[in-house]
Amino acid sequence: MASSELKRVVITGLGAITPLGNTLADYWEGLRTGRNGIGPITRFDAARHACRIAGEVKGFDPHDFMDPKDAKRMDRFAQFAVAASQQALADAQFVINDLNAEQVGVVIGTGVGGIKVMEDQQEINLTKGPGRCSPFMVPMMIGNMAAGLTAIHVGAKGPNSCAVTACAAGSNSIGDAFRLVQHGYAQAMLGGGAEAAITPLSVAGFASARALSTRNDDPAHACRPFDRDRDGFVMGEGAGVLLLEELEHARARGARIYAEIVGYGMTCDAYHMTAPSPTGEGATRAMQLALKDAGLAATDVDYVNAHGTSTPANDSTETAAIKGALGDHAYRIAVSSTKSMTGHLLGGSGGIEAVATVMAIAENIVPPTINLENPDPACDLDYVAGQARAQTVNVALSNSFGFGGHNVTLAFRKYID
């Protein structure tokens, strides 16, 4: 039942399956040390593709998290979601049982969903006939299965949903989960994003749109946000999930608290199918709304985890948007793009980047933007180039923007009792 009194919402568990590692510890260590997670595509023969590099998840075994029979009936993006969610619950030492199951929910977004299953089944349809298509094709393909199958595996019977807002989906899902706890519809929510779109058709489509880097001979330096020599983004895959918990519930069980989520802003450019508004005004408003929601001033912000895709259009526009939202204070904060290390997880990016933002607050370390060697003159903020920086992070924003003009900003702050 909804409450008229807004609840405080804290982060008590984190899970991450990423190109830098398949645990929170490995992911954070990779970010902190500026490790590159991008390399040649191995998931299919990319010889004919214009882009032949990606941030692949390596060494992931779904059987570590689920029965082989269940794994066989899931697309990879849903496997990632279930795994990261189980990690977040274990990290929080949160047990779902008959007493609390109806008060625990799941919102996990995706941009593309089960595209690998769709491609494989279409090949079967064309070569062997429609009668040979799998009866599990549709439930493996549809985007809501990251949230649905996670709930089945962890026993969460509360609110369940899935944002499908392109590259903003993970952040939208975390924001929606935040609202559900804040308004008393659940005591705890798993929120995040998952994606596994490194497939022949998906890579071909993005490459045809001239969105991808073609620096195939140098994958370690291909993703270079805010650099004047950037030539497009690099696809990644994985999942990031946060356990959001009502503060008093977390206190009552003695939970460790990483940070507090305090603001959620979302807007639409209403401008173009794929290109951001040139002024960045929609992204500016998303940041302003998140700060207003949180009751924070622009001068309270210490760090922005940027969307930072390494595309010509995004990076300069986002820089302008940050300056539009924060004014002169934009020049006094740290900004970084962790996509420089992981690639762009599309709908999963908001999930792993929220994890990175929360860890920056918890550890007082800002992860770097690697490969930033020749800054674009239009990108004139402090992007923490090359190496992580130890500094106090009390308030941080995480930005995610998606095709269709979707803009989302999440605001986090250090937990104060």
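Two strands are taken to pair if DSSP finds at least two bridges between them. In this predicted model, strands S4 and S6 clear that bar comfortably enough to start with: six bridges join them, and the two run parallel. One of the pairings puts Val-106 with Leu-190, its bridge partner in S6.

S4, spanning residues 104-109, has a partner in S5 as well. Strand S5 covers residues 160-161, and two bridges tie S5 to S4, again in a parallel arrangement. Here Val-106 turns up once more, standing opposite Asn-160 of S5. So much for the S4 pairings; next comes the other neighbour of S6. Strand S7 (residues 238-246) runs antiparallel to S6, and eight bridges join the two. Within that pairing, Ala-188 sits opposite Glu-245 of S7.

How covered are these strands? In a regular strand, side chains alternate between the two faces of the sheet. For S4, one side carries Val-104, Val-106 and Ile-108 and the other carries Gly-105, Val-107 and Gly-109, and every one of these residues is buried. Put as a tally, that is six of six residues in S4. S6 (residues 188-195) gives a similar picture, with eight of its eight residues buried. Ala-188, Leu-190, Gly-192 and Ala-194 point one way from S6, while Met-189, Gly-191, Gly-193 and Glu-195 point the other way, and here too all are buried. Glu-195, then, is among the buried residues of S6.

Val-107 is worth a look by itself. This residue of S4 has a relative accessible area of 1%, so it counts as buried, the cut-off being under 20%. Setting aside neighbours within four places in sequence, Val-107 is in contact with a run of S6 residues, Met-189, Leu-190, Gly-191 and Gly-192. Its other contacts of this kind are Ser-161, Cys-162, Ser-173, Asp-176, Ala-177 and Leu-180. As for Ala-151, 44 residues away along the chain, its C-alpha atom is separated from that of Val-107 by 9.4 Å.

Turning to the helices, the axes of H10 (residues 281-294) and H11 (residues 312-326) come within 8 Å and cross at roughly 40 degrees. That angle makes H10 oblique to H11, because angles under 35 degrees would count as roughly parallel. The crossing is right-handed. On the H10 side, the residues that meet H11 are Ala-283, Thr-284, Met-287, Gln-288 and Leu-291. H11 answers with Ala-320, Ala-321, Ile-322, Gly-324, Ala-325 and Leu-326. Sorted by class, this contact comprises eight nonpolar residues, three polar ones and no charged ones.

One more buried position lies in helix H13, which takes in residues 349-363 and includes Thr-357. At 0% relative accessibility, Thr-357 counts as buried. What does Thr-357 touch, not counting residues up to four places away in sequence? Its contacts are Asn-305, Ala-396, Leu-397, Ser-398 and Phe-412.

Definitions and conventions: Residues numbered from 1 in each chain as written. Predicted model: local features only at pLDDT ≥ 70, side-chain atom pairs only at ≥ 80, totals over all residues. Heavy atoms only, no water. Buried < 20%, exposed > 50% of the residue type's maximum accessible area, 1.4 Å probe, protein only. Contact = heavy atoms within 4.5 Å. Axes fitted to C-alpha atoms, helices over the stretch in contact; angles between N-to-C directions. Parallel < 35°, antiparallel > 145°, perpendicular 65-115°, else oblique. Left-handed = near helix turned anticlockwise from the far one by under 90°. Nonpolar A, V, L, I, M, F, W, Y, C, P; charged D, E, K, R; others polar.
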